Amino acid sequence: MRAAAIALGILSSLGMVLWSVSPPEPGPTVRFADVAARAGITFRHDNAASPEKYLIETMGGGAAWIDYDADGFLDLYLVNSAATEAYRPARPLRSALYRNNGDGTFTDVTLPAGVAAEGLFGMGVAVGDYDNDGLADLYVAGYGKGILYHNEGNGRFADLTAKAGVANAGKWGSSAAWCDYDRDGRLDLVIVNYVDWSVANNLYCGERRPGYRAYCHPNKFRGQAPTLFRNQGDGTFKDVSAASGIGSKPGNGLGVVCFDYDQDGWTDLFFANDSTENFLYRNRGDGTFEEIGAVAGVAWGENGEIEAGMGVDVGDYNRDGWPDLFITHLDLELNRLYRHHGKGGYEDATFRDGPGYQTFHLSGFGVGFIDFDNDGWLDLFIANGHILDNIHLYHPNTTYAEPKFVYRNVEGKFVNFTSRLGDGVLRPRVSRAAAFADYDNDGDLDVAVNNNGQEAELLRNDGGNRNHWLQLHLIGTRSNRDAVGARVLLWADGQRWVAEKVGGRSYQAAHDPRLHFGLGKRETVERVEILWPSGARDVIEGLRVNQVVAVKEGAGRVPVAVPQLRLRSAKADDGP
Amino acid sequence: MRRRARLASALLVFTGLPAQQSAPQDQGAAFYDRAGLAEAQRGNWGGALANFQKAIQLAPEFAEAHYHLAVVYARLGDRAQAFKACQQALRLRPDYPEALYMFAGSCHEAGDAEGAATILKALVERLPDFSEARYNLALALKDAKQLEAAAEQLRAAAALEPRNPKYRIALGILLAEQQRTEEAIEALGEAAQLEPANPEAHYNLGVALAAAGRTAEAGKHFREAIRLKPGHAAARRGLGLSLLHEGALAASEAELRQAAAVAPQDPDNWNNLGMVHLRQRRFDDAIEVLQRAVSLNPRFIKAWSNLAQAYQRAGRVAEARRAAERVRGLLAEQRNLGRAMILTQTAAQRLESGDTRTAIAQLREAIAASPGFADPYAELGKALMRVAPKSEEPVGLLRRAAELDPGKAEIRYALGRALLQRGRASEALTELQGALRLRPCWAQARRLLAEVHAKLGQAEAARSEQQLAKALEAAAVSGAR
């Protein structure tokens, strides 16, 4: 029967949907309020939209939290695009650095800091102290090239791209991450590259009717392999993509996270690829990697769906001690939750524990496992926005701008909590990068979102600190100073948490460098054990909650290595 | 397709369309034609056939008798003879609505949705209350990717026959495919209310509800479809998938297993079972059913990737890697094909705008990207015919395209034209006849075929094709109005 055949196709390919929100569940009273304008963040991303529908116009710009002046308050960097052959803005487009004034407001310091990245069609951004001088440096990935901004320590940055040899020239860098893959105590740079699109090979896609021209599917172009730059310790990097194996397979890469998936002490690399299989590169510990995405069960979704991987995050959502993954995808696909099964791989837990079909009509980009209500369970924050600005012409029920979605983790099961979190979450936007940090140092995690062709948002978490928390500021000595790759085990009230200081995360974003633990109503932390990338181990016992604790490798707890935090929270700070 | 043809024939016969029969000069022929109709009314198709044949023998130009003969052949299942008789009716009387309607059905059945839609549009304009014609027009428009126009016709048909659930079911399916889920649910809900015992109404409503996330309601309608028709494999599959997504693994397995028992040749059924077994962590069982899925369809990417998972979870790492490699290979082919498709489309546009050089380069790139894809060979052949009209390369390219995709009428037509230009009329004849088997309503191809017949000295055949082309062109003009 014809009817039967058609309809069955719908069921198996389109699946079930909903973006209406589940009935409210009992839970904490938390709101995310967009305070960007109030805080003085006036940045508006320009996506250089043109009738030529250049693919680069769809990608958005990055967002990064960086304490560039080391005053203890995280500052915000937002990435912009640039003029193209089809788009000539009246004024040059610039990325922006906003200094956190420590009182809830920000000041634009882009020009004095020298980080405007003018002329770069910017994409993702990574923050890391690659020369271990105690100052956070910036890498801005982009179309055709990237820029390494070295923090000079005087409020200014220097463009050391050429000297360092990390231009990634000719490639379309999307997201980037700093991590120490060879455990030599220096941060290396990983860049996930997209496709070989260019103005010269731009194509007409979509229907040939006025208004229907559409951005092309990335598979119309050739995918690009990721790039791995090894830090040589003298301010220069060596491209080891080929030698390490990272550059062996092309993929339409968008998201990256560095983490130790098998807990063997060596940082592995995961790349979320758009409409090609995802890559999980297992670190062999000898400078080379083996790609095992398919056999580890993360190359594609349940039932073999090759989906449009965008953002990715890693976290132990079910608190079994193993790092799980969450990957965002385009609409008509599913955002995937991959549960680590502890035997060298993952199983797709999207339906068992995750959002199932609820995000089917949404296009997810930035994503974070963040415990927004500090109840001790990692929740999910997803920034959404479609790729096609004319999607309503093709799919009447789909919109370009979309609300964000937030799932509360109720003891290992995700429950849609979006409707409870206020306008900052519900207001439709074409969201891309989402960067997570406690920018106001009040003990709960806030979110900065860079929206494609729109104003950025600063979503302040109000109420998350009603539960207790602890933040760990890790300072490597033998290990890289940022402690990327450190694994932390924390015990409170007889229960254990496991977290890793990972590189990358989300989409085109960089986050709070401190490890954040929500602790619910627990009053004390009995023990914290830190396993440093160098192999060293530090243990601290008997900590009070609601404070930032700085730990130096080999020295244990130390007076906080950044200036005293000015907490807005009424909670006491017994930190040093 | 077969259903559509049956439907068309049934409607044509003696109901629906107003009678427009004209009496022939030969009274004997008229007598046998009436006798044939009487036999047909009694269901004596053999007797009807004999009478219509006698009528034609006495009056070979008697269009109505040819048409009636066509209907009888269709009833007897001889589609080739039915088509031939219908063509003859149209040659004799180009504006013959019943014959045009039947011819449109044959065109659609052959895959010529655009041609069918053109004729049916003309008919609907002449007979706006003919709901079945609107329905068949909607099906043709849908296949021709004119979805909005298809929905419009189905709504009109439903308005004409508000008690007939068929139009609402078709509308609901169309809307669901466009992701207009709520509208689809409304249309299908109305259909289920109109005919509560119609399993298709319940099944499709179940699908639409599932697509709206209303899984419990969907399950109810899938179950109802199964109750009404226990062998409804698709409904069992729908129910099984809904249960799988709800985590009811044992119940899901039971339904999917039954779906597989009903339709064991459908690899989707085995793949779905494989998914359930993966969730159940019964990896050996998963391997068994997934192997069956890939043996039925060796290019089934989802099944291969599930098989890779199953092997891996079962500890059979080497086999997992091999299955994963198979997935990669298939994906690479898919990607290369996608790139070749868009390059071919872009090149075709460049050819239209006169940028032949770039177009040729893009087409060569497309061929290199996906050597098994016919379209760039055909487009390159056509492009080279412009720049190198005497070269043999275009013929070679078009032949290669026709070998790769023998079901594409446009390629056969282009090859026929190229051959005709080179004076190879006999070969051109074969190609054009092939093209018209694939797209019988293609007037332009009939004109060219007439030209070939004329070149070969086959005057009668040439005249016959010209007449048919004229009938089709007249219908197209009328439809366009």
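Visitor: How many bridges join β6(A) to strand β7 of chain A?
Guide: Happy to start there, with a note that this is a predicted model, where local features need pLDDT of at least 70, side-chain atom pairs count only at pLDDT 80 or more, and totals for chains, interfaces and linings use all residues. Residues are numbered from 1 along each chain as its sequence is written, while chains are lettered from A and ligands numbered from 1 in the order in which they are written. Strands are DSSP runs of E, at least two residues long and numbered from the N terminus, and two of them pair if DSSP finds at least two bridges between them. β7 covers residues 137-142 and runs antiparallel to β6(A), and the number of bridges joining them is five.

Visitor: Which residue in β7(A) stands opposite Gly128(A)?
Guide: β6 of chain A spans 122-128. Opposite Gly128(A), in β7(A), stands Asp137(A).

Visitor: Which strands stand at the edges of the sheet?
Guide: The sheet is open, with four antiparallel strands of chain A in the order β6-β7-β8-β9. Two of them have a single partner strand each, so one side of each lacks a neighbour in the sheet: β6 (122-128) and β9 (157-159).

Visitor: What radius of gyration does chain A have?
Guide: The radius is taken over C-alpha atoms, and the globule rule is 2.2 Å times the number of residues to the power 0.38. For 576 residues, a compact globule would come out near 25 Å, and the value for chain A agrees: 22 Å.

Visitor: What share of the residues of chain A count as buried?
Guide: Buried here asks for 20 or more other C-beta atoms within 10 Å of a residue's own, with C-beta atoms placed from the backbone. Of the 576 residues of chain A, the share is 61%.

Definitions and conventions
A residue is buried if 20 or more other C-beta atoms lie within 10 Å of its own, exposed if 12 or fewer, and partly exposed in between; C-beta atoms are placed from the backbone.
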